[in-house]
Amino acid sequence: MEQIKPFKYFPHTESDIKEMLDKIGVEKIEDLFSDIPNSIKKDEVDLESALSEDELRDRIHSYSKLNKNLICFKGCGSYDVFTPSVINTLVSRQEFLTSYTPYQAEISQGTLQYIFEFQSVVCELTGMDVANASMYDGATATAEAIMMALSQTRRSKVLVSKALNPRVLEVIRTYAHFKGYELVLVNEKDLVTDKEDLLSKLDPNTAAVVLGYPNYYGYIEDFDFVDKLKENKTLLILNSDISCFSVLATPAEIGASIVAGDAQALGISKDFGGPYVGYIACTNDLLRKIPGRIVGMTNDKDGNRGYVLTLQAREQHIRREKATSNICSNQSLMALIVTIYVATLGKAGLIETQEMCYENSHYLESELLKTGLFEKVSNNEFIKEFTLKTKLDMDKVNKALEENQMLGGEVLGDKVIFCATETKNKELIDKFVDVIKKQGGKN
């Protein structure tokens, strides 16, 4: 038997490289980078020698120690929430972690069923008629909701409140730039949408109005202008933290046509900013405009219940010019987390969780106001977030909080957005306020 010689594996041989360069039409590899200025090129990169498995494990472990596990009093779209242990146990199962898009219904019934259940959860919480299989995140979901409204109304103008989360607004701006629709901002007043300004900018070419519910500052808007929108045949789109709907009036009750946002607060841990899961739901008349895919329930010829992919108004499945979106996927693993979370807590648990958020956030607001270092800016109601005005140097305050293993609020000039979810308690809140009081004495 011929002895197999030891060898080293290199991805490309010299002849491979020459053949590729000849095919491309350049003489040397450096020519491929000719557009990069020489001033930022490096001739050599000083890389250390390869590590053994043990050395690599130790190195990664040392890096992990640099992470700070801070008690979080900041929200603005990413919330510190309780995640029941059953969630990680179930979603770590191989059939969930490795599942692919369920095109073949006959071998994907489990995946299709939990997506169907996710859609049912979204419809139950929002009160809307239909929901899709999930979206990448809340920002793109909201931008896609606008595309639905433009297609449905055949108008080209959209009003967006300045009280909307600015990170969502940036995504909407990007869509507007590339899609070519007119984006008009509505002023805010006392940290909510200025209704007079909104109605003054409403015209027959307005396809939709986009508001936060609750808004960026944590407050609940007044929707007594919805009848005016309906008279103008303008759609109301709400960007919402879906977890709040267990205690708030649903978007359907308010009169919204589309509701979109993030479902992270339903059991998904912060995870350094993602991945999260977006959702989108609408009324029946917009069913064929909804992006992504929808899972439907049916019966086979023997009467057995089964699940299938149904409407898919995306360019992967229909003619591009008829597609309402180029969003081609969903976040089904994250949607599964939401589904397990809702099933675990049940209706009573979802309500209790939001009541805890309400109690904790209002206690935090009360204690901060007692220090004399903050003052109210808005008298509107809130669930878990609120905004106060202060003369404190909040950058220094937040640094002191970090030294005490706590993450302070979002600083907006002389205003700060604070958040207290169900994971907080009186002891943690008192400690948080005490650190701020001590900093107040140094100013």
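Colleague: Which residues line the largest cavity?

Modeller: S243, S246, A265, L266, Y341, L350, T353 and Q354 do. Keep in mind that this is a predicted model: local features need pLDDT of at least 70, side-chain atom pairs count only at pLDDT 80 or more, and totals for chains, interfaces and linings use all residues. Numbering starts from 1 along each chain as its sequence is written, and side-chain values use heavy atoms, with hydrogens and water left out.

Colleague: What counts as a cavity, and what as a pocket?

Modeller: Both come from a 1 Å grid over the protein atoms alone: in a cavity a 1.4 Å probe fits but cannot get out, while a pocket is an open set of points with protein on both sides within 12 Å along at least five of seven lines. Lining residues have an atom within 4 Å of a point.

Colleague: How much space lies in the largest cavity?

Modeller: About 30 Å³, where volume is the space filled by probe spheres set on the grid points, joined across faces, edges and corners. Searching the whole structure turns up one cavity of 30 Å³ or more.

Colleague: And how much space is there in the largest pocket?

Modeller: About 590 Å³. It is lined by 32 residues, and C76, G77, N165, V168 and D262 are the closest to its centre.

Colleague: Which element gives the most to that pocket's lining?

Modeller: Helix α7, with three residues. α6, α7 and β9 each supply at least two. Helices (H or I, at least four residues) and strands (E, at least two) are DSSP runs, numbered from the N terminus.

Colleague: What does α7 pack on?

Modeller: First, the sheet itself: seven strands, open, with mixed pairing, in the order β2-β10-β9-β8-β7-β3-β4. Two strands pair if DSSP finds at least two bridges between them. β2 (130–131) and β4 (182–186) stand at the edges with a single partner strand each, so each has one side without a neighbour in the sheet.

Colleague: OK, and where does β3 come in?

Modeller: β3 (residues 157–161) runs parallel to β4, with five bridges between them. L159 sits opposite V184 in β4. Back to your helix: α7 (residues 166–179) packs on this sheet and touches β3, β4 and β8, with its direction at about 155° to that of β4. A contact is heavy atoms within 4.5 Å; axes are lines fitted to C-alpha atoms, for helices over the stretch in contact, and angles run from 0 to 180 degrees between N-to-C directions.

Colleague: Which strands does α6 lie across?

Modeller: α6 (residues 138–153) lies across β3, β7 (206–212), β8 (235–239), β9 (258–262) and β10 (278–282), at about 165° to β9.

Colleague: Is β10 mostly covered or uncovered?

Modeller: Covered: five of its five residues are buried, meaning under 20% relative accessible area with a 1.4 Å probe on protein chains only (exposed is over 50%, partly exposed in between). G278, I280 and C282 point one way, Y279 and A281 the other.

Colleague: What does β10 pair with?

Modeller: On one hand β9, antiparallel over five bridges, with D262 opposite G278. That's the D262 from the pocket centre list. β10 also joins β2 through two bridges, again antiparallel, and there A131 partners A281.

Colleague: Changing topic. Why is 26 Å a sensible span for α5?

Modeller: Because α5 (residues 109–126) has 18 residues and should span 26 Å at 1.5 Å a residue, counting one less than its number of residues. Its end C-alpha atoms are 26 Å apart, which agrees. Buried residues in α5 include L112, F116 and V122, and just after the helix G127 takes a positive phi of about 80°.

Colleague: Which strands make the hairpin with G303 in the turn?

Modeller: β11 and β12, with five residues between them; G303 has a positive phi of about 85°. β11 (residues 295–299) and β12 (residues 305–309) are antiparallel and joined by five bridges, with V295 opposite L309.

Colleague: What's the order of the four-stranded sheet?

Modeller: β13-β14-β17-β16, open and antiparallel. β13 (374–376) and β16 (410–412) are the edge strands, pairing on one side only. Three bridges join β13 to β14 (residues 385–390), and E375 stands opposite K389.
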